[in-house]
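Work through the exercises below with the structure open. Each task is followed by a stepwise solution.

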Amino acid sequence: GFLGLRRQPALVLGGLLLGAALLWPGLLFALVSLAGRSAVRPMTQWFWADTRQQVPGLSLAVMALLIAFAANVGVSTMVASFRTTFTGWLDQRLAAELYVTARSEAEARDVALWLKPRVDALLPIVNAEAELAGQPGQVYGVADHSTYRDRWPLLQARSDVWGRVKTGDGVLVNEQLFRRNHMALGDRIALPGGTALPVDGVYSDYGNPTGQVMIGLDLFDRLFPTAQHLRFGVRVTPDAVPGLMVGLETEFGLGSMQVTDQAAIKRRSLAIFEQTFAVTAALNILTLGTAGIALFASMTTLSGMRLPQLAPVWAMGARRGMFARLELIRTLLLVVATLLLAIPVGIALAWVLLAIVNVEAFGWRLPLRLFPLDWLRLAGFAVAASLVSVAVPLLR
């Protein structure tokens, strides 16, 4: 049954949000009734009894608030988890301080000869198009260097994975290819030329829609003898990067299109990421504002209907200011209780988005990370919207 739901993520999301929203008014009624039983003073008993009587009339408003806040927590947790994971992943993948692309193989050889005495290491970056598991993909040749052994973001790996890749006895595949074809470590994958090698490791490859395989550089040259070697990753101290960029431009005429430093690539990548999810903040305001409008409509309607219930208490000596304070306390209690329930619902929603929806849509899974300060900011906005929504009934 769960596997079937994984194929219907919309049903999982809808069931989670609607189920929690439909259960909440009944649970809230039970909590208010329980609090009323422990009340001793007459005014406190009346307050809880009056609150219990209002719960049915406010049920739609608190359901809307629950759905809005849970959705905000879920989406913000997903985005923040993606941002944190993506930033760390960039630090791992962009291990070289400088990336150089020559315009021809002859120029690439000259650039390599010029760079070798000036840098710590040159890492060839070479790839070719190929059919992988029946679908278009890419095969990359990887050099045997500590940069990859220490920094490459492996999700799963067999023992001595880099040694086996170096000797051409195994391959690395990206997470998309691994999940899409329901692979396991040790499964063999067919490569061009009739070669089939076992999968010895899986690496994260966020943002790439196609399958990808990494093999040893020697094996790559045998399988793809016509592939051009034009790109390099350059390992060097960060202080030496500006001088190398100037030297490459002076000696070979390589500008910003051919020579890019690590920091610039990171800045561009993070800028694209932030633009992609910029709409999230606007959606937070919209959904919580809608919930505030629902609460305002409910409170305005109930305030007029409750005058006959409040009149006897007022006639017995209660002041109008006391009614306003009690109404404010009641609203805060209902809103805070709703937000407390919405947080675990939102976390569950984020898990569904990361572990089910993202995997089904893109082929990779992101780790769930928790950000309580973000929830606190959202809760503050929700409470503020709720207080604004009850301001008119309180003044009346």
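**Exercise 1.** Is Asp160 buried or exposed?

*Solution.* The model is predicted. Start with the location: Asp160 sits in the loop between β4 (154-157) and α6. Next, take the relative accessibility, which is 52%. The cut-off for exposed is over 50%. Asp160 therefore counts as exposed. Now check the backbone. Phi of Asp160 is near 55°, a positive value in a residue other than glycine.

**Exercise 2.** Place His182, then classify its accessibility and give its phi.

*Solution.* His182 belongs to the loop between α7 and β6 (188-191). Its relative accessible area is 71%, so His182 is exposed. Phi of His182 is positive, about 50°, although the residue is not a glycine.

**Exercise 3.** Describe how helices α13 and α14 pack.

*Solution.* Two packed helices are described by the angle between their axes and the distance between the axes.

- Step 1. Helix α13 covers residues 320-362, and helix α14 covers residues 372-395. They pack at an angle of about 150°. Their axes are 10 Å apart.
- Step 2. Angles over 145 degrees count as roughly antiparallel. α13 and α14 are therefore roughly antiparallel to each other.
- Step 3. The crossing of α13 past α14 is right-handed.
- Step 4. List the contact residues. α13 contributes Ala324, Glu327, Leu328, Thr331, Leu332, Val335, Leu339, Ile343 and Ile347. α14 contributes Trp375, Ala379, Ala382, Val383, Ser386, Leu387, Val390 and Leu394.
- Step 5. Sort the residues of this contact: 14 are nonpolar, 2 polar and 1 charged.

**Exercise 4.** How many salt bridges does the model contain, and which parts does the pair Lys166 and Asp144 tie together?

*Solution.* The count comes to 9 salt bridges. In one of them, the side chains of Lys166 and Asp144 meet at 3.5 Å, N to O. Lys166 lies in helix α6 (residues 161-167), and Asp144 in the loop between β3 (135-142) and α5 (146-151). The pair therefore ties together parts that are 22 residues apart in sequence. Lys166 is partly exposed, at 49% relative accessible area. Asp144 is partly exposed too, at 38%. Finally, look for a network: Asp144, Arg149 and Lys166 are linked in a network of salt bridges.

**Exercise 5.** Analyse the salt bridge between Asp200 and Arg164.

*Solution.* The closest N and O atoms are 2.5 Å apart. Asp200 is in strand β7 (residues 195-203) and Arg164 in helix α6, so the pair joins parts that are 36 residues apart in sequence. Asp200 is buried, with a relative accessible area of 0%. Arg164 is partly exposed, at 27%.

**Exercise 6.** What separates Arg179 and Glu175 within helix α7?

*Solution.* Helix α7 spans residues 175-180. Arg179 and Glu175 are 4 residues apart in this helix, so about one helical turn separates them. Their side chains meet in a salt bridge of 2.8 Å, N to O. Arg179 is partly exposed, at 34% relative accessible area. Glu175 counts as buried, at 2%.

**Exercise 7.** Which residues does Leu223 contact, leaving aside its neighbours within four places in sequence?

*Solution.* Leu223 is part of helix α8 (residues 217-223). With those neighbours set aside, Leu223 is in contact with Leu191, Pro192, Thr195 and Ile215. Its relative accessible area is 19%, and the limit for buried is under 20%. Leu223 is therefore buried. From Leu223 to Trp152 the C-alpha distance is 23 Å, with their positions 71 residues apart in sequence.

Technical notes:
Residues are numbered from 1 along each chain as its sequence is written. This is a predicted model: local features need pLDDT of at least 70, side-chain atom pairs count only at pLDDT 80 or more; totals for chains, interfaces and linings use all residues. Side-chain values use heavy atoms; hydrogens and water are left out. Axes are lines fitted to C-alpha atoms, for helices over the stretch in contact, and angles run from 0 to 180 degrees between N-to-C directions. Helices (H or I, at least four residues) and strands (E, at least two) are DSSP runs, numbered from the N terminus. Angles under 35 degrees count as roughly parallel, over 145 as roughly antiparallel, 65 to 115 as roughly perpendicular and the rest as oblique. A crossing is left-handed if the near helix is turned anticlockwise from the far one by less than a right angle, and right-handed if clockwise. Contact means heavy atoms within 4.5 Å. Ala, Val, Leu, Ile, Met, Phe, Trp, Tyr, Cys and Pro count as nonpolar, Asp, Glu, Lys and Arg as charged, and the others, Gly among them, as polar. A salt bridge is a side-chain nitrogen of Lys or Arg within 4 Å of a carboxyl oxygen of Asp or Glu. Buried means under 20% relative accessible area, exposed over 50%, partly exposed in between (1.4 Å probe, protein chains only).
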